[in-house]
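Me: I'm new to reading protein structures, and I'd love some help with this one. Could we go through it together, one question at a time?

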Amino acid sequence: VIAEWVASAYCPESKRCQVGASMFWSLNYGGTSSIDTILSSEEGYTLEQLLEEDELLQECKAQNTKLLDFLTHSETMAKLIGYIIEMPAENDSEQRRFKYPYVASEVLSCDVPMLRDGLLSLTRQFIEQIFSILLQPPPLAPVLVGYCCKVIVSLYKSAPETFVMYFSQIWSDGVETPLSVDELLPRLLLHLGSDAVLSMLTVLCVGEPTVTETGGMQMQSAASNSWIPHAQLVPALLDNLRSDDPEAVENSAQLICGALDSTVGLFTCLCEPEQDAQARCVRLVRTCLGEEDGATGCALNLAALDVVLHLLARCREQSPAASCACCQSTLLDAISQNVDIFFMALAAPPPLPQRILRFLPPKEVDSMPRPQARQRCKLLQLFREAMVAGSLPIVQALQQLGFFQVVLDLLLLPHHCNAIHMLAAGIVESTLKMSDGSSEELLQALLKDGQLPQRLVAYSIGAGQRDIRPSCHAFVMSLAASLQDAAQRSAQCNAAMIECEGWSDFAGSEGMLAAWTAAQAKPLGGRLPARSSDVDDDSDTEGEFECSRDVERAIAAQAAAIRAQQEQADANSSEGCGGDSGDSDTARGSDYLEHFAQYLSQRNFVNDMDNLNEAEADSQWSAEFDFDDSSVEPNGSNSDVTCTVAPAATASALLDFNDPEDLAVGEPDTTAQAAGGWAAEFEEVATASTKNVPAADGGGWDATFPDDLSADPPSPRSPETEMKV
């Protein structure tokens, strides 16, 4: 209401003052904009003049009717699209080469209803014009294809139902147009090597990942929400894994894995009809081996292998399903027929990628190092999935090929790839924990053929002579501990450890394994941060830290010792020794220690140390002396005197000073002095009589001590020898 009143008062003739349909700048406080000046020019105006203005996007979002009428005109819209799909010439101006395409893409994707409705109109073929950039041969200009994909994604996000309905109506007619699935999908796959096309297809066919809390699960979207149905998209992507463009192959595999993660089960094309699904699975495994160099095992298609791993993992997660069992068995059978080729690829160096090879002279190609970590990691994952699935043909073939010797070499030989260390150690550990039918054969191959105990002992001898442990040290020690645990369940593991020479020294009480286990069991140093602000509120400055565990243990032990003394004193009193005030003092000391331990656990010592130097000058200190007169010798050797010093405010919180039994003012107890000990006497004195020590409000406490502590104990309250403190 206020906005309407202001608009009518300051710009009554403005047609853009509708509340809710315009932005703040549409109220026209700053006068006439430059866009309005151009639109009201009598000499006419051009699209280029508008693209030069910085206020163009602002006026579009402000629903400038005259501007939007001009921009949604067929010729203007076609010219805007032409800027983002046509490559500028070399002799064009800088504005044409850089500014006009960028501003045009921002205008087309600014989510204005008039512009969106104009683009998605079936009577005008603007979407077809945008996708016409795919008719160009690859590779496409990265900037221009990025602009086109941004416009398409913006249309989909702003009105997903209208966007899907637009294409559904075209595809349902069955008319061969450039936007039909049979025409559009091959062109998209041809240019899938472009990251912009991959990003567009991911948003339209897979969906963007849902942002969740740390450790939360992402919501899975249904396959029916895909722009292009998965029944048509996935088979085309599987065939595109054989493309000559390596970037298109990588992006195709990434899109397949993303689509698989966004669904619950398997793709329909890999389940039914059964014969077609099996043929597609076999073809996928053959794609992993490569079409030309499949016999050598050197040119593995790692992108296709990644798809196989995702499929095997999904089948393992949903093993009871019949469709998953069919897909899993077909894939494993195809792998078992070529297991020797996959095994040789562990040692064979892969070829250099074409994007690197084209920059090298032919003479330096053979001398260049080959990246092997990624290929070895994928192959180790493949063999582990086959072993977990219990594929007997693959397991028997791996035993004959000496698989575990290679795995232990990848674990123990010098290199610094922790990913390979982790995968190799995982294969060995999973073999030690297996309990199915093939576990005995695998365990026999690991212990006898692979000689696991002997390799671990040999490693310990070599690592013990080095100042710095190898990068695989933690994995090796963890495997040795797992082997010891397996020996308690398996007689075969126990016999292998007994037969291994040097295992007793390695796993003994003074061996390397015991030292590593003790180091792992040792608690970390420092205090454990436990901020209550993480649970209660959003404050980061009021967090409290727990006290050191060692201090709490020491106080607890001291309290236990005092309780033991109290129990002994109670036992003596029951035998006729009689009670005295020391028992009550001991009980109060035990309670004080318990309160003090609780106090330490609740204090923020970090902030206390920061404010230590800022203590007030008038802070009070009080002293308490506990004297045990049950067994006192004249020389004072058995005297038990406990002195606790704390700020007066804190001590008041811990001890009840209002208790008359704790703070009784009266005649001093001369029992200790008569027995030959020293005692501190307290008396309440006036504040003005205190020297050099500020007293508490309303009075204070004063202790008297003799000047010569080595002399005999004087009589109580001797004015010649007392000293004011």
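Reply: Happy to! Keep in mind that this is a predicted model. Let's begin with a pair of helices: H14 and H15 pack with their axes 9 Å apart, at an angle of about 145 degrees.

Me: Is the crossing of H14 and H15 left-handed or right-handed?
Reply: On the H14 side, the contact is made by His230, Leu237, Leu238 and Asn240. On the H15 side, Ala248, Val249, Ser252, Leu255, Ile256 and Ala259 take part. As H14 passes H15, the crossing is left-handed.

Me: Thanks! Now the aromatic rings: is the pair of Trp171 and Trp227 stacked, edge-to-face or tilted?
Reply: The structure holds 15 aromatic pairs. In the pair of Trp171 and Trp227, the ring centres are 6.0 Å apart and the planes make an angle of 35 degrees. Stacked needs under 30 degrees and edge-to-face needs over 60, so an angle of 35 degrees fits neither. The pair is tilted.

Me: How many residues apart are Trp171 and Trp227 along the chain?
Reply: Trp171 sits in helix H11 (residues 160–173), while Trp227 is in the loop between helix H13 (195–206) and helix H14 (230–240). The pair therefore links distant parts of the chain, and Trp227 itself counts as buried, at 4% relative accessibility. Both rings belong to one aromatic cluster with Phe131, Tyr156, Phe163, Tyr166 and Phe167. Along the chain, Trp171 and Trp227 are 56 residues apart.

Me: Let's look at helix H7 next. At which residue does H7 have its kink?
Reply: H7 covers residues 94–108, and its 15 residues reach 21 Å from the first C-alpha to the last, close to the 21 Å expected. There is a kink of about 35 degrees shortly before the proline Pro101. The residue at the kink is Tyr100.

Me: Which helices do the buried residues of H7 pack against?
Reply: The buried residues of H7 are Arg96, Tyr100, Pro101, Val103, Ala104, Ser105, Val107 and Leu108. They pack against helices H3, H4, H5, H6, H8 and H10.

Me: What about Ile335: is it buried or exposed?
Reply: Ile335 lies in helix H18 (residues 322–336). Leaving out residues up to four places away in sequence, it touches Val285, Val308, Leu312, Phe342, Leu382 and Ile394. Its C-alpha atom is 9.5 Å from that of Pro393, although the two are 58 residues apart along the chain. Its relative accessible area is 3%, and buried means under 20%, so Ile335 is buried.

Me: Which residue follows Glu272 in a cis peptide bond?
Reply: One cis peptide bond runs from Pro138 to Pro139, with omega near 0 degrees, and Pro139 lies in the loop between helix H9 (126–131) and H10. The bond after Glu272 is also cis, with omega near -10 degrees. That bond leads into the loop between helix H15 (246–261) and helix H16 (274–289), at Pro273.

Me: Last one: is Gln451 buried, partly exposed or exposed?
Reply: Gln451 is in the loop between helix H25 (439–449) and helix H26 (452–464), and it has a positive phi of about 55 degrees although it is not a glycine. Gln63, in the loop between H4 and H5, has a positive phi of about 60 degrees and is partly exposed at 26%. The relative accessibility of Gln451 is 41%, which falls between the limits of 20% and 50%, so Gln451 is partly exposed.

Definitions and conventions
Residues are numbered from 1 along each chain as its sequence is written. This is a predicted model: local features need pLDDT of at least 70, side-chain atom pairs count only at pLDDT 80 or more; totals for chains, interfaces and linings use all residues. Side-chain values use heavy atoms; hydrogens and water are left out. Rings of Phe, Tyr and Trp (its six-membered ring) pair if their centres lie within 6.5 Å; planes under 30 degrees apart count as stacked, over 60 as edge-to-face and the rest as tilted. Helices (H or I, at least four residues) and strands (E, at least two) are DSSP runs, numbered from the N terminus. Buried means under 20% relative accessible area, exposed over 50%, partly exposed in between (1.4 Å probe, protein chains only). The expected span of a helix is 1.5 Å times one less than its number of residues. The bend at a residue is the angle between axes fitted to the seven residues ending there and the seven starting there. Contact means heavy atoms within 4.5 Å. Axes are lines fitted to C-alpha atoms, for helices over the stretch in contact, and angles run from 0 to 180 degrees between N-to-C directions. A crossing is left-handed if the near helix is turned anticlockwise from the far one by less than a right angle, and right-handed if clockwise.
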